[in-house]
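Me: I would like to go through this structure by question and answer, taking the ligand site and then the rest of the chain.

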Amino acid sequence: MIETFKNEVKKGLEANPKTLPSKYFYDKKGDALFVEIMNLPEYYLTRSELDIFKNKTQQLIQTFDLKKDTYFELIELGAGDGLKTKELLKKLDSQNFKFDYFPIDISANALHLLKEDLNTAIPNLSVKTQQGDYFEVLDSLKESKKPKVILFLGSNIGNMTDDLASEFIYKLGANLLAGDKLLLGVDLIKSEEIVLPAYNDSKGITAAFNINLLDRINRELKSDFNLNNFKHQPEYDEKDGVAKSFIISTVEQSVEVKTIGKTYHFAKGEKIHTEISRKYNDELIEKIIENTDFSIENKIMDSKGYFADYVLIRN
Ligand code: AVJ
């Protein structure tokens with residue numbers, strides 16, 4: 001784990017332009033900052049998808065095309081606090097659907113809290129928490145042959161390049177049977193005035209979230225990044241629909257990473273690319289699933305048209 005982290009940091013800091021992988025945002029402090037981000041007024045994504053789960057639940061359920069007398073499995077990739085999913089679970093439960101809910105997450109702690117919360121909120125519900133890697137868990141669930149609905153919400157796929165997203169969805173399909181569904185929640189392409197503030201909030205929480213990556217490298221890889229000499233900078237281009245986050249070196253400086261045994265030089269104004277947050281439209285989604293075994297069954301949007309939950313069917 002720490003070896004992979006070290007190798008990826010080394011590779012990123014030796015690349016030109018420099019990069020660091022966004023998956024390393026999520027240590028204990030990063031998790032807490034992300035929870036704060038989700039509650040920011042500027043971060044519309046969570047509220048938009050919650051609007052869908054609260055007010056378009058019946059449409060979602062209809063598209064899943066489930067029989068009330070057939071057991072199915074509802075599997076969530078990266079369940080987190082389950083805020084949105086709980087709305088769906090409540091409706092499925094009250095309409096007497098028969099199913100098990102399998103929340104998958106890397107964080108055992110998040111899963112423990114989610115299970116406790118759901119046990120109180122929906123006592124009847126069968127919650128089978130699965131800690132670990134998505135594909136390892138899916139592989140173990142393949143055996144059951146029960147109809148499956150997979151949830152991948154929150155525009156989490158947006159951190160992947162389109163090629164990686166295609167590959168990811170293709171691999172999901174390989175773990176499913178014909179007729180199974182994939183609910184893919186994605187942020188839609190919209191104007192800079194709406195998107196950019198979501199990644200540059202006025203309280204500086206997103207900045208702290210981004211810069212925490214350097215703090216994590218300091219702590220875990222024994223480096224001496226001076227956090228005062230770096231700043232957060234988001235960029236968004238409505239034409240291609242990609243939001244990017246950078247860390248900018250505000251002065252010329254050198255930083256030693258002890259466990260790598262190297263010193264890295266930064267020019268004044270030099271950028272480290274840390275994240276992409278892709279925004280989508282129908283054309284992009286169609287392109288991404290083109291070489292997978294899925295097709296689009298339905299697209300359900302929030303009332304503002306900011307966010308979409310695409311229901312894909314495994315052919
Ligand atoms: C969790 C990947 C959906 O890209 O919008 C929030 C992460 N980064 N603010 C996103 C994030 C900066 C978020 N996702």
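Me: How many Å separate a polar side-chain atom of Tyr199 from an oxygen atom of the ligand?
Reply: The model is a predicted one. Tyr199 is listed among the closest of the residues that surround the ligand. Its polar side-chain atom and a ligand oxygen atom are 2.5 Å apart.

Me: Which residue places a polar side-chain atom 2.9 Å from a nitrogen atom of the ligand?
Reply: Tyr43 has a polar side-chain atom 2.6 Å from the ligand, but the partner there is an oxygen atom. Tyr199 also faces an oxygen atom of the ligand. The contact to a nitrogen atom at 2.9 Å comes from Glu275.

Me: How much of the ligand's accessible area does the protein cover?
Reply: On its own, the ligand has 350 Å² of accessible area. The part covered by the protein is 98%.

Me: Which elements give two or more residues to the shell around the ligand?
Reply: The shell has 14 residues, of which 7 are nonpolar, 6 polar and 1 charged. Domain 1 (2-23 + 206-278) and domain 2 (44-191 + 281-314) each give at least three residues to the shell. By element, those with two or more are helix H2 (28-38), helix H10 (205-221) and strand E12 (271-278).

Me: How many residues does the contact take from domain 2?
Reply: The protein divides into domain 1 (2-23 + 206-278) and domain 2 (44-191 + 281-314). Over C-alpha atoms, their centres are 31 Å apart. The contact takes 9 residues from domain 1, and from domain 2 the number is 11.

Me: Which three residues supply 70% of the area that domain 1 buries against domain 2?
Reply: About 750 Å² is buried between the two domains, and carbon and sulfur atoms give 44% of this area. On the domain 1 side, no other three residues supply more than Glu238, Ile276 and Arg278.

Me: Is the peptide bond from Asn16 to Pro17 cis or trans?
Reply: Pro17 sits in the loop that joins helix H1 (2-14) to strand E1 (18-19). Omega for the bond from Asn16 to Pro17 is near -5°, and the bond is cis.

Me: What value is phi of Asn96 near?
Reply: Asn96 belongs to the loop between helix H5 (83-94) and strand E3 (99-105). Its phi is positive, in a residue other than glycine, and lies near 60°.

Methods
Residues are numbered from 1 along each chain as its sequence is written. This is a predicted model: local features need pLDDT of at least 70, side-chain atom pairs count only at pLDDT 80 or more; totals for chains, interfaces and linings use all residues. Side-chain values use heavy atoms; hydrogens and water are left out. A residue is near a molecule or strand if one of its heavy atoms lies within 4 Å of it. A polar contact is a pair of N or O atoms within 3.5 Å; within protein, one must be able to donate a hydrogen and the other to accept it, and residues adjacent in sequence count only if both atoms are side-chain atoms. Accessible areas come from the Shrake-Rupley method with a 1.4 Å probe; for residues, only the protein chains shown count as cover. Helices (H or I, at least four residues) and strands (E, at least two) are DSSP runs, numbered from the N terminus. Ala, Val, Leu, Ile, Met, Phe, Trp, Tyr, Cys and Pro count as nonpolar, Asp, Glu, Lys and Arg as charged, and the others, Gly among them, as polar. Domain bounds come from an automatic or database domain assignment. Contact means heavy atoms within 4.5 Å. Buried area is the accessible area (1.4 Å probe) that two parts lose on being put together, summed over both.
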